[in-house]
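Subject: structure for you to look at

Hi,

Here is the structure I promised to send over. Have a look at it first, and then read my notes underneath.

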Amino acid sequence: MTQLTILRYPDPRLHTVARPVVQFNAPLRELAGAMFQTMYEAEGIGLAATQVDVHEQLLVIDVSEAHDQPMVLINPEIVWSSPETRTGDEGCLSVPGIYDGVERSLAVKVEAFDLDGKRRVIEAEGMLAVCIQHEMDHLKGKVFVEYLSPLKRNRIKTKLIKQLKEEARDAVA
Ligand code: NI
């Protein structure tokens, strides 16, 4: 298993729009496995392929505490979303240390393929619904901070660029 590097905002590669997966093969399985490992290691509940610089429509999710409910969603499509919304704090492995409110549908119905190429329907609500919407945004090249005001977004950008510079300096020191 490989540990993958997670791209960090404002890396422009995070704005790449992912292509649909066309081949359900061993490399795809390996990618999903490595993404789970990377996500669990980073204590995240979701990770989109975009975040590890692979621009294919694949995401992994596990919202359980025990890490025993892994889900792989390939070429996901939201076929229904509840008109009721809720604004809750979100974070992102590509935006470390930043949490802010984003308005999302309370429930969604999603069609996606699994690793065997089987089409599945997932009905999600609560944290899983939020997570699916957040990760699907990544596949479209969208990071959650883009829902925030330009002022907040710029503050976050400045903070993260400073953080990256400090880390680079610490690495050579
Ligand atoms: Ni994210």
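First, a cut-off for what follows: a residue is called buried when its relative accessible area is under 20%, exposed when over 50%, and partly exposed in between. Please also keep in mind that this is a predicted model.

**Salt bridges**

Searching the whole structure turns up ten salt bridges. I'll go through a few of them.

Let's start with Arg-13 and Asp-11, whose side chains form a salt bridge with an N to O distance of 2.8 Å. Are the two partners buried or exposed? Asp-11 has a relative accessible area of 16%, so it falls under the 20% limit and is buried. Arg-13, at 38%, is partly exposed, because that value sits between the two limits. The pair also has company: Asp-11, Arg-13 and Asp-53 are joined in a network of salt bridges.

Next comes Arg-104, and here you may want to rotate the view. Which side chains does Arg-104 meet in salt bridges? One of its partners is Glu-90, at 2.8 Å from N to O. That contact links distant parts of the chain, with Arg-104 in strand 5 (residues 100–105) and Glu-90 in strand 4 (residues 85–90), 14 residues apart. Both ends are buried: Arg-104 has a relative accessible area of 5%, and Glu-90 is also given at 5%.

Asp-137 is another partner of Arg-104, with 2.9 Å from N to O. Asp-137 belongs to helix 2 (residues 126–139) while Arg-104 is in strand 5, so this salt bridge ties together parts that lie 33 residues apart in sequence. Here, too, both residues are buried.

**The nickel ion**

Now for the metal. What coordinates the nickel ion? The donors are Cys-92 through SG, His-134 through NE2 and His-138 through NE2, at 2.1 to 2.2 Å. If you want to find them in the sequence, look for the spacing C-x41-H-x3-H. Cys-92 sits in the loop between strand 4 and strand 5, whereas His-138 is in helix 2, so these two donors tie together parts that are 46 residues apart in sequence. Cys-92 counts as buried because its relative accessibility is 10%, under the 20% cut-off. His-138 is buried as well, at 1%.

One last pointer for your viewer: helix 2 holds Asp-137, the salt-bridge partner of Arg-104, and also His-138, one of the nickel donors.

Cheers

Terms used. Residues numbered from 1 in each chain as written. Predicted model: local features only at pLDDT ≥ 70, side-chain atom pairs only at ≥ 80, totals over all residues. Heavy atoms only, no water. Salt bridge = Lys/Arg side-chain N within 4 Å of Asp/Glu carboxyl O. Buried < 20%, exposed > 50% of the residue type's maximum accessible area, 1.4 Å probe, protein only. Helix = DSSP H or I, 4+ residues; strand = E, 2+ residues; numbered from the N terminus. Donors = N, O, S within 2.8 Å, 3.2 Å for Na, K, Ca; no water.
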